[in-house]
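Subject: Structure for you to look at

Hello,

I am passing on the structure we talked about, with some notes on what was found in it. Please read them with the model open beside you.

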Amino acid sequence: MTDAIFYATKSGATEGAAKYIARKIGADIFNLDKDHHADPSEYDRVILGSGVYLHKVPKTVTDFATRYADLMPNVSLYLVCAFKDKEGDDQLENISNALGVGYSVYFNNPRRMMGMEGSKLELFIEHLNNK
């Protein structure tokens, strides 16, 4: 099975999470702002990562989701956001529905979660490894 992570980042937190997840699952990695010709249809599994800014993902992420709408129900999404609890859950649900992804999770400060057993980040990686 070949995996790929496509992501967009502004502050670097989403990129850091993408690189960490890619190492853990053996995935190729593509920055949507730089790798304009990367094709997710060439992969068995696609993971999409994004930061959230003013309750929205960057245009590169929405453009990606629109361009590959037929793939989105099989895509796993992770969001890096400032919110947690109910606000984070609501934001995740709204963005996931708008993008049409099949599975999603959000992280608040993923750098602190790296290597922390039971963290949302490590549970997401475990989910990916068990798929």
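In which elements of the chain is confidence lowest and highest? The question comes up at the start as this is a predicted model. The lowest mean belongs to helix 4 (residues 110–113), at 84, and the highest to strand 2 (residues 28–31), at 96. Over the chain the average pLDDT is 90, and 99% of the residues score at least 70. As a general caution, predicted coordinates should not be read in detail where pLDDT is low.

The overall layout

The chain holds 5 helices and 5 strands. Read from the N terminus, their order is β-α-β-β-α-β-α-β-α-α. With a radius of gyration of 13 Å, close to the 14 Å that the globule rule gives for 131 residues, the chain is as compact as a globular protein of that length. The C-alpha trace spans about 35 × 30 × 25 Å along its principal axes.

Of the 131 residues, 48% are buried. If you count contacts between residues at least 6 apart in sequence, 69% of them join residues at least 24 apart. The accessible surface is about 7,100 Å², and carbon and sulfur atoms account for 49% of that surface. As for charge, there are 15 positive and 18 negative side chains, and the centres of these two sets are 6 Å apart.

From strand 3 to helix 2

The rest of these notes follow one stretch of the chain, beginning with S50 in strand 3 (residues 45–51). Is S50 buried or exposed? S50 has a relative accessible area of 0%, which is under the 20% cut-off, so this residue counts as buried. Setting aside neighbours within four places in sequence, S50 is in contact with A8, T14, V57, P58, V61, Y78, L79 and V80.

After strand 3 comes a loop that leads to helix 2 (59–67), and L54 sits in this loop. The phi angle of L54 is near 55°, a positive value in a residue other than glycine. L54 has a relative accessibility of 79%, so it counts as exposed.

H55 is placed in the loop between strand 3 and helix 2. Its phi is near 70°, again positive in a residue other than glycine. At a relative accessible area of 51%, H55 is exposed; the cut-off for that class is over 50%.

Which residues does H55 contact, leaving aside its neighbours within four places in sequence? They are F83, Q91 and I95. One of these, Q91, is 36 residues from H55 along the chain, and the C-alpha atoms of the pair are separated by 6.6 Å.

Helix 2 includes K59. This lysine is exposed, with a relative accessible area of 60%. K59 and A8 are 51 residues apart in sequence, while their C-alpha atoms are 9.2 Å apart in space. A8 was also among the contacts of S50, and it may help to display A8, S50 and K59 together when you go through this part.

In brief, the stretch holds a buried residue in strand 3, S50, two exposed loop residues with positive phi, L54 and H55, and an exposed residue in helix 2, K59.

Regards

Conventions
Residues are numbered from 1 along each chain as its sequence is written. This is a predicted model: local features need pLDDT of at least 70, side-chain atom pairs count only at pLDDT 80 or more; totals for chains, interfaces and linings use all residues. Side-chain values use heavy atoms; hydrogens and water are left out. Helices (H or I, at least four residues) and strands (E, at least two) are DSSP runs, numbered from the N terminus. The radius of gyration is taken over C-alpha atoms; the globule rule is 2.2 Å times the number of residues to the power 0.38. Buried means under 20% relative accessible area, exposed over 50%, partly exposed in between (1.4 Å probe, protein chains only). Contact means heavy atoms within 4.5 Å. Accessible areas come from the Shrake-Rupley method with a 1.4 Å probe; for residues, only the protein chains shown count as cover. Lys and Arg count as positive and Asp and Glu as negative; His and the chain ends are not counted. The place of a charge is taken as NZ of Lys, CZ of Arg, CG of Asp or CD of Glu. pLDDT is the predictor's confidence in each residue, from 0 to 100.
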